[in-house]
Amino acid sequence: MRELSPLPKTVRDMLSEKGIPEQDILTCVCADMDETGTLCDAYAVMTKDELAILTLLPTLRPGKRTFPYIKPCIQTGYAELDFTHFMLSDICDFRLEEYVGSGKLTARLGRDETPTDAPEGPDMPPRWNRRSGPGGLFGSGGKESVSTVPLSSIGKEPNKGIDRICLFNFTFRKKAVVQQFLEILKVVAKTGELPAESGTKKETVCPKCKTPYPDPHSPVCPRCMDKMQMVKRLLPFFYKYKFFIILIFLCILASSVLELLSPYISSKIFYDEVLAVNGKYYGQIVGIILVIVGANLLSTVVSMITQLINSRISARVTYDLKKIIFSSFGRLSLSFFTGRQTGGLMTQLNSDANTLYWFFCDAFPYMIINIIQIIGVSAVLLYMDWKLTLLTVLPLPLLLYVYRLILYAFKKMHARQFSKSRSFYDLIADVLSGIRIVKSFSKEKEEVSRFDAKSRDEANTGLKLTKMSNTIFPLFHFMMFSGAYIVWIYGGWKVSQGVMQYGTMMLFISYLSSLFGPMNQLADMSGTLTNCINAIHRLFEVHDAIPDVVESKHPVSLGNVQGKVEFDHVGFSYTKDKKTIDGVTFTVETGETLGIVGKTGAGKSTLANLLTRLYDVSEGGIYVDGVDIRNLSFDELHRSIAIVSQETYLFRGTIMDNIRYAKPDAGEEEVMAAAKVAYAHPFIIQYPDGYNTMIGKGYKELSGGERQRVSIARAILKNPKILILDEATASMDTETERQIQKAITEITRGRTTFIIAHRLSTLRDADKLIVIDGGKMVESGTHRELIIKPDGVYAKLYKLQLEALKTIGIDP
């Protein structure tokens, strides 16, 4: 049996009672919602002939409260909700449908012969068997109890005789294993056998806690990962500063020694040798005070040197880390960013890096000092009086246990606080970016309400964390200092009996304070430590992410690129259940212009994304001059292609810098020549600063048409062999568009060009046209060849646009 999810023994026994023995099961998966969307454990098991879905609800009982904020629940068994049974020969067309945060696995069920006891009629829905064991919903006589249930909640497709049914739902944490189950299900339904496993099996579930990995490509479980291992991963960033780190540790060691000497001088020597009549230094009060002041001053100077050096190293390490993480953004594929918001990534890069900076600048040195001081003071106390020392550490096991619980609780609270903060900053970035839309629709009050809700949510989370700190740590400190009371009682009794000197007892108490003080500080650092570990994990999650599009290790060089492009049975899908591009094949010779036509969402822009390798094809191949683009280096491929997208983006800076972005070493004359071809030069020179006019947030705002012309100028300056114009004239008026069309006619000569446009009249001069509909290439040919097909897709679209333009008074 191939277990995609663990199948507990209890569930195996329940399935066996229902006529599905363990030896017949080929594979299984556990989803977390049933077909109605109820949260439960939905176990889907498959044999060579049938598919069964057993939905169970874990029965829980409260566990013992182990901490003021933690009360675990203990699972005692399962309560059966439902059992559904299908024959694989009766179901087909399996699909995984995705929604916001969840999805469902569906299939089509063909009509079986209507049972003799069923009502007659052509509109009767199909039925399937639900076999229920003891305690089930249908019968109580074991596996022999069979009941037929109508599919009353399933919408039918008229005249097709089959219905789409939902097998089960799932949240996205189960998405990876459900996708694997779907692939196996399709193969078993056809062949009755499991598909062969790949040579290297990718684990998608943590073998320890059975939780799916957040990233299927990165087998890292946040719950089970070695926390200190994450800290160790930062050590290579400190290697280049070895000399300064050695100096810091020497200073820390000196500071710790001075901390140990200070109580000895101020307690033992001061009471027993200076104030006592028979003391060695009796009466030399001024001298001993000067020694104490000198020791404290020296300790302060050493601490200042440590902080100065450590601040310098922390700033440099944070800079190196930010640079590496930002470089990872450039390495990752476009799919990494489509599922994330800009505000969250900015918070992750800046806030998490600053968290590490302050941890290593402030907390980490004191942590080392405190650890050394605890070890040193413990050794001194044991040397002075080991019996009294052991009495003082009696509460220590309980303290360690409580401290472990504190770390666990703070880890969860800090992770929750970061999540709320990221959501809060995502909202701010979203609203500020779309402030024009907000004002135009008079939605200021609604956005203030959204802001208030998010801000209150973040504040409440922070308040809970603060309350938790202010409640736990005073109690923890009280428990920690309980050992001092033992010293006062037992030590005071020994002094009264003349067994111990008063100065010795005061020295012991001073050292005990030096022991409990660092322990208190370490306890206070638990929140900072857990926050730091979470930040390290989030940063390295970006660093370790594997891009979907990977550059070839041994790229092929094209030399002088000619520009011939071939699409050979190209297939692609953003999600596994729906193909965006399906079997597209065409060839564009060097210097030809190809027009790509289709409805919105047909997949036209996806073809451009595939050619530029923003995504990789899942089927077939794309070739430039006969070489698969997957065998080319990113630099050579992108150097040969320029794209003007319908979503124009200009960087904050001068117009000159934005056009020169495609060719940083271009001179001013080259930039102006490209701007003239794109008809951007006339409006640029009207500004007082001309090409040095600052644009972007907080500066000059360009209109949509002006931004598009600057973008076209940027592409022209690159002088590529392959040019992609994706709705390049969409934001321009008719007169400007005609001027741009004349310019495009000039710049496309001798250059392979792809033009994606909704206005079909702009594609009449293209050498070839292809029509994309539903991801497939349904037509191809020249404008004249396609326009004469009365039932063709292109001809219908062209006529509709022609009539629409005439209606509004535009001459096409």
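This is a guided tour of a predicted model, with a suggestion at each stop for what to select next.

**Stop 1: the big nonpolar core**

Start by selecting Leu 234, Leu 356 and Leu 515, the residues with the most contacts inside the largest nonpolar core, which has 60 residues. Now colour the elements that give two or more residues to this core: α4 (242–275), α5 (285–331), α7 (342–384), α9 (396–433), α11 (444–480), α12 (482–496) and α13 (502–544). Which of these gives the most? That is α13, with 19 residues. If you colour by domain, you will find that domain 2 (232–385 + 500–544) and domain 3 (409–496) both give residues to this core, so the core lies between them.

Zoom in on Leu 234 and show its surroundings. Beyond its neighbours within four places in sequence, Leu 234 is in contact with Leu 321, Leu 356, Phe 360, Ile 536 and Phe 540. As background, nonpolar side chains tend to be buried together in soluble globular proteins.

Another core lies apart from this one; it has 41 residues, and Ile 655, Tyr 691, Ala 757 and Ala 766 are among them.

**Stop 2: helix α11**

Go back to α11, one of the elements that contribute to the 60-residue core. Put a distance between its first and last C-alpha atoms: α11 has 37 residues and reaches 53 Å, close to the 54 Å expected at 1.5 Å a residue. Then show its side chains. Which residues of α11 are buried? They are Glu 447, Glu 458, Thr 461, Gly 462, Leu 465, Met 468, Ser 469, Ile 472, Phe 473, Phe 476 and Met 480. Notice that Glu 447 and Glu 458 are on that list along with Phe 473 and Phe 476.

**Stop 3: strand β13**

Next, select residues 593–598, which form strand β13. Six of its six residues are buried, so β13 is largely enclosed by the rest of the structure. Turn the strand to look at one side, where Thr 593, Gly 595 and Val 597 are buried, and then at the other, where Leu 594, Ile 596 and Gly 598 are buried too.

What pairs with β13? Add strand β20 (residues 752–756), which runs parallel to β13 and is joined to it by four bridges. Then add strand β21 (residues 768–773), also parallel to β13, with five bridges. Gly 595 is a handy landmark here: Ile 755 stands opposite it in β20, and Leu 769 stands opposite it in β21.

**Stop 4: helix α19**

Select residues 704–718 for helix α19, whose end C-alpha atoms are 22 Å apart; at 1.5 Å a residue, its 15 residues should span 21 Å, which agrees. Is α19 largely enclosed or largely open? With 12 of its 15 residues buried, it is largely enclosed by the rest of the structure. The buried residues include Glu 706, Arg 709 and Arg 714, as well as Val 710, Ile 712, Ile 716 and Leu 717. Step just past the helix to Asn 719, where phi is positive, near 55 degrees.

**Stop 5: an open antiparallel sheet**

Now bring up the four strands of an open sheet, in the order β12-β11-β14-β15, with antiparallel pairing. At the edges stand β12 (581–588) and β15 (627–628); each has a single partner strand, so one side of each is left without a neighbour in the sheet. Five bridges join β11 (residues 565–572) to β12 in the antiparallel sense, and you can pick out one pair by selecting Val 570 and its bridge partner in β12, Val 584.

Follow the chain into the loop between β14 (619–624) and β15 to find Asp 625. This residue has a positive phi of about 55 degrees although it is not a glycine, and it is partly exposed at 24% relative accessible area.

**Stop 6: Asp 93 and the cysteines**

Jump to Asp 93 in strand β6 (residues 91–98). Asp 93 also has a positive phi of about 55 degrees without being a glycine, and its 31% relative accessibility makes it partly exposed. By contrast, most residues other than glycine have a negative phi.

Finish with the sulfurs. How many disulfides does the model have? The count is zero. Cys 30 is in no disulfide, and the nearest cysteine sulfur, that of Cys 40, is 8.4 Å away. Cys 30 counts as buried at 6% relative accessibility, and Cys 251 counts as buried at 11%.

Technical notes
Residues are numbered from 1 along each chain as its sequence is written. This is a predicted model: local features need pLDDT of at least 70, side-chain atom pairs count only at pLDDT 80 or more; totals for chains, interfaces and linings use all residues. Side-chain values use heavy atoms; hydrogens and water are left out. Buried means under 20% relative accessible area, exposed over 50%, partly exposed in between (1.4 Å probe, protein chains only). Two strands pair if DSSP finds at least two bridges between them. A nonpolar core is a set of buried Ala, Val, Leu, Ile, Met, Phe, Trp, Tyr and Cys residues joined through side-chain atoms within 4.5 Å. Domain bounds come from an automatic or database domain assignment. Contact means heavy atoms within 4.5 Å. A disulfide is a pair of cysteine sulfur atoms within 2.5 Å. The expected span of a helix is 1.5 Å times one less than its number of residues.
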